[in-house]
Amino acid sequence: MASVTLAGINKRFDDVHVVHDLDLAVDDGELVVLVGPSGCGKSTTLRMVAGLEGITSGELRIGDRVVNDLSPRDRDIAMVFQSYALYPHMTVYENMAFGLRIRKMAASEIDSRVQEAAKLLGLSDLLQRRPKALSGGQRQRVAMGRAVVREPAVFLFDEPLSNLDAKLRVAMRLEVARLHKRLGATIMYVTHDQVEAMTLADRIAVMSLGVLQQCASPDEVYRRPTNTFVATFIGSPAMNLFPVTSTTAADGQVTMVGRGIQMTWTSGAEQAMPGELTVGVRPQDLQVVAESDADLHLRVDVLEPLGAETFVYGALEGGADGATGQRDAATQERCASPFIVRLPPDQSVRSGDLLHLKLALPHFFDTQGERLSQFDD
Ligand SMILES: Nc1ncnc2c1ncn2[C@@H]1O[C@H](COP(=O)(O)OP(=O)(O)OP(=O)(O)O)[C@@H](O)[C@H]1O
Ligand SMILES: [Mg+2]
């Protein structure tokens with residue numbers, strides 16, 4: 001196993017700048033998950049690490065070896081894609097052995113690796129089957145088996161589970177976690193699935209438009225998102241954002257007002273809060289209270305009863321408009337999304353109601369969308 005270090009990596013396709021100054025260090029044995037919207041450069045990044053795509057500038061190291069100019073087969077890397085074409089005319093055993101045969105490995109060594117990988121992936125009883133006689137999940141495991149037998153320094157996974165149905169995904173997610181634990185493997189893993197990202201990752205790297213926004217533990221990314229992009233990208237349903245104007249009193253009490261908002265906050269920080277800021281709150285950190293205790297007032301539009309919980313969508317309403325300061329366009333747009341509250345299913349709410357809400361665990365961002373971490377608890 002080995003570490004992977006991307007230092008100042010850029011990728012351009014002609015005049016399209018797809019990956020910008022990417023610095024990312026994956027430790028030996030670490031599983032880093034890359035997430036971000038479609039087209040943000042996740043696959044391109046993996047393909048550069050694999051050597052399937054050239055690097056425009058910057059340095060890529062595997063272990064302490066610079067590999068920018070090394071061909072894919074000399075990088076000691078195995079990649080598993082979403083579409084994992086198996087050879088249909090070969091058995092499971094042959095599919096897994098094939099890559100080792102081309103490398104002219106001794107038959108006895110091939111056999112022991114295939115048997116070992118099959119055991120690890122629960123494929124021992126299926127080695128003589130052909131792919132068409134396997135379920136989707138079993139095929140996916142064979143694709144992983146092909147990577148595992150190589151015993152590479154680094155595994156690269158590009159949405160390996162997205163062809164599977166929901167139930168199989170959960171099963172395979174556990175499989176990947178087990179694989180990571182058993183092999184102590186270094187893994188870079190791309191996914192669209194939030195749950196996959198949160199549950200598998202040692203660290204999550206969040207990308208937007210080819211720029212790394214934050215790379216930290218799932219807990220850190222969730223609890224302290226570095227900006228309004230990460231705040232609304234990680235967590236489902238998304239964090240609510242709303243603009244406020246704040247006034248800090250001599251005793252540190254901060255009053256915040258905005259449309260449908262009148263709240264106070266006791267800041268532990270020495271300095272005053274900026275006059276204009278953006279507040280974030282997750283849907284589950286809101287509670288229905290009496291009007292006199294409320295921080296926010298929400299006019300209910302649509303309800304989504306999901307059994308164990310109900311999502312309530314609406315818009316903040318009442319009071320003066322308050323916040324008028326300029327915010328960056330993206331944050332402004334995020335503030336304009338419907339406001340979402342997660343309520344227990346026994347709470348009786350109807351469309352058209354005005355809900356009075358108290359918030360907990362607020363997140364504070366400046367007008368450019370950057371986290372005001374000095375005001376974290
Ligand atoms: N060969 C290419 N020539 C020009 N542009 C490309 C090429 N390959 C990728 N791109 C562009 O690079 C950007 C990043 O693509 P990439 O495939 O890395 O995105 P992604 O994050 O993996 O997205 P998805 O989640 O949809 O898989 C996209 O805008 C894409 O159109
Ligand atoms: Mg992709």
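The following exercises, each with a worked solution, concern a predicted model.

Residues are numbered from 1 along each chain as its sequence is written, and chains are lettered from A and ligands numbered from 1 in the order in which they are written. In this predicted model, local features need pLDDT of at least 70, side-chain atom pairs count only at pLDDT 80 or more, and totals for chains, interfaces and linings use all residues, while side-chain values use heavy atoms, with hydrogens and water left out.

**Exercise 1. Describe the surroundings of ligand 1.**

Step 1. List the residues that have a heavy atom within 4 Å of the ligand. They are Phe13, Val18, Ser38, Gly39, Cys40, Gly41, Lys42, Ser43, Thr44, Glu159 and His192.

Step 2. Sort this shell by residue class. Three residues are nonpolar, six polar and two charged; here Ala, Val, Leu, Ile, Met, Phe, Trp, Tyr, Cys and Pro count as nonpolar, Asp, Glu, Lys and Arg as charged, and the others, Gly among them, as polar.

Step 3. Assign the shell to secondary structure. Helix H1 (residues 42-50) supplies the largest share, three residues. Helices (H or I, at least four residues) and strands (E, at least two) are DSSP runs, numbered from the N terminus.

Step 4. Look for pairs of N or O atoms within 3.5 Å. Oxygen atoms of ligand 1 lie 2.7 Å from a polar backbone atom of Gly39, 3.0 Å from one of Gly41, and 2.8 Å from an N or O atom in the side chain of Lys42. Of the 640 Å² of accessible area that ligand 1 has on its own, the protein covers 58% (Shrake-Rupley method, 1.4 Å probe).

**Exercise 2. How are H4 and H5 oriented to each other?**

Step 1. Take the axes, lines fitted to C-alpha atoms over the stretch in contact, with angles from 0 to 180 degrees between N-to-C directions. The axes of H4 and helix H5 (residues 166-183) come within 10 Å and cross at roughly 20 degrees.

Step 2. Apply the cut-off: angles under 35 degrees count as roughly parallel, over 145 as roughly antiparallel, 65 to 115 as roughly perpendicular and the rest as oblique. H4 and H5 are therefore roughly parallel.

**Exercise 3. Locate two backbone features.**

Step 1. Ser236 and Pro237 are joined by a cis peptide bond, with omega about -5 degrees. Pro237 is in the loop between helix H8 (228-233) and strand E11 (240-248).

Step 2. Asp21, a residue other than glycine, has a positive phi near 40 degrees. Asp21 belongs to strand E2 (residues 16-26).

How values were computed. Polar contact = N/O pair within 3.5 Å; in protein donor to acceptor, adjacent residues only side chain to side chain.
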